[in-house]
Amino acid sequence: MSMKKFYVGVKALIHDESRGYLLIRRSQDDTNGGYWDLPGGRLDKDESYEQALAREIAEELPGSEFLSRGDLLGTHKLAFDVAPDTGLVLLFFDVEASVPEKVSLSEEHDAVQWVVVKSDIPTENIGDEIATILNNKLN
């Protein structure tokens with residue numbers, strides 16, 4: 001029996017003292033369109049977590065800058081394969097980043113929401129793992 005392969009992805013929970021935690025919504029015509037997400041993506045070959053977070057933040061939030069990686073907040077293995085016999089494990093990190101007042105988005109995303117209190121967390125179209133991390137941070 002061959003062993004299943006896994007990609008590793010990183011997700012950034014970005015916090016701004018005055019605006020809260022940043023969520024971005026995937027564009028309707030993109031994979032998982034309409035779902036609230038965190039900036040991030042798969043690691044490229046020989047890329048560190050920090051390098052991947054910096055690249056993904058620059059790609060998904062043009063004009064924003066990765067500053068540092070904090071604690072690991074959680075992990076999640078997708079329930080489906082992203083390629084034949086290939087899974088994806090996501091690592092969620094606290095991230096310090098510089099985000100302009102007017103947030104720019106890549107074509108992959110179409111909306112921004114800042115979460116300040118638990119009632120700001122979307123009740124639909126958000127993964128349980130992201131909602132759990134936000135609930136834990138807002139305790």
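This passage walks through the largest pocket, the salt bridges and a few individual residues of a predicted model.

The pocket makes a good starting point. Rolling a probe the size of a water molecule over the atoms shows where empty space is left. In this model, the largest pocket comes out with a volume of about 670 Å³. Its lining takes in 27 residues, and those lying nearest the centre are Lys-11, Arg-26, Asn-32, Asp-37 and Leu-78. Sorted by character, the lining holds 10 nonpolar, six polar and 11 charged residues. Both strands and helices contribute to it: at least two lining residues come from each of strand S3 (36-37), strand S4 (40-42), helix H1 (49-60), strand S5 (65-77), strand S6 (86-98) and helix H2 (128-137).

Two of the residues nearest the pocket centre, Arg-26 and Asp-37, turn up again among the salt bridges. Their side chains meet in a salt bridge, with N to O at 3.4 Å. This pair ties together distant parts of the chain, since Arg-26 belongs to strand S2 (residues 20-26) and Asp-37 to strand S3, 11 residues apart. Both partners are buried.

Across the whole structure, a search turns up 11 salt bridges. Another one brings together the side chains of Asp-16 and Arg-19, at 3.3 Å from N to O. Arg-19 has a relative accessible area of 11%, so this residue counts as buried, the cut-off being under 20%. A further salt bridge joins Arg-55 to Glu-56, with an N to O distance of 2.8 Å. Here Glu-56 is classed as buried because its relative accessibility is just 8%. The story does not stop at that pair: salt bridges with shared partners connect Asp-44, Glu-47, Arg-55, Glu-56 and Glu-59 into one network.

Next come some residues with bulky or greasy side chains. On the surface, Tyr-7, Phe-80 and Val-82 make up a nonpolar patch of about 260 Å². Phe-80 sits in the loop between S5 and S6. Its relative accessibility is 48%, and therefore Phe-80 counts as partly exposed; to be called exposed, a residue has to be over 50%.

Leu-90 and Trp-36 are both found in strands: Leu-90 in S6 and Trp-36 in S3. Leu-90 is buried because its relative accessibility is 9%. The C-alpha atom of Leu-90 is 8.4 Å from that of Gly-74, and the two residues are 16 positions apart along the chain. Trp-36 is also buried, as its relative accessible area is 12%. For Trp-36 and Ala-54, which are 18 residues apart along the chain, the C-alpha atoms are separated by 20 Å.

Finally, the backbone has a couple of quirks. Asp-46 is not a glycine, yet its phi is positive, at about 60 degrees. This residue lies in the loop between S4 and H1, and with a relative accessible area of 72% Asp-46 is exposed. Asp-85 also has a positive phi without being a glycine, with a value near 55 degrees. Asp-85 is placed in the loop between S5 and S6, the loop that also holds Phe-80. The relative accessible area of Asp-85 is 41%, so Asp-85 is partly exposed.

Definitions and conventions. Residues are numbered from 1 along each chain as its sequence is written. This is a predicted model: local features need pLDDT of at least 70, side-chain atom pairs count only at pLDDT 80 or more; totals for chains, interfaces and linings use all residues. Side-chain values use heavy atoms; hydrogens and water are left out. On a 1 Å grid over the protein atoms alone, a cavity is a set of points where a 1.4 Å probe fits but cannot get out, and a pocket is an open set with protein on both sides within 12 Å along at least five of seven lines; lining residues have an atom within 4 Å of a point. Grid points are joined across faces, edges and corners, and a volume is the space filled by probe spheres set on the points. Helices (H or I, at least four residues) and strands (E, at least two) are DSSP runs, numbered from the N terminus. Ala, Val, Leu, Ile, Met, Phe, Trp, Tyr, Cys and Pro count as nonpolar, Asp, Glu, Lys and Arg as charged, and the others, Gly among them, as polar. Patches are made of residues with over 30% relative accessible area and no salt bridge: like charges are joined within 9 Å, nonpolar side chains (Val, Leu, Ile, Met, Phe, Trp, Tyr) within 5 Å. Accessible areas come from the Shrake-Rupley method with a 1.4 Å probe; for residues, only the protein chains shown count as cover. A salt bridge is a side-chain nitrogen of Lys or Arg within 4 Å of a carboxyl oxygen of Asp or Glu. Buried means under 20% relative accessible area, exposed over 50%, partly exposed in between (1.4 Å probe, protein chains only).
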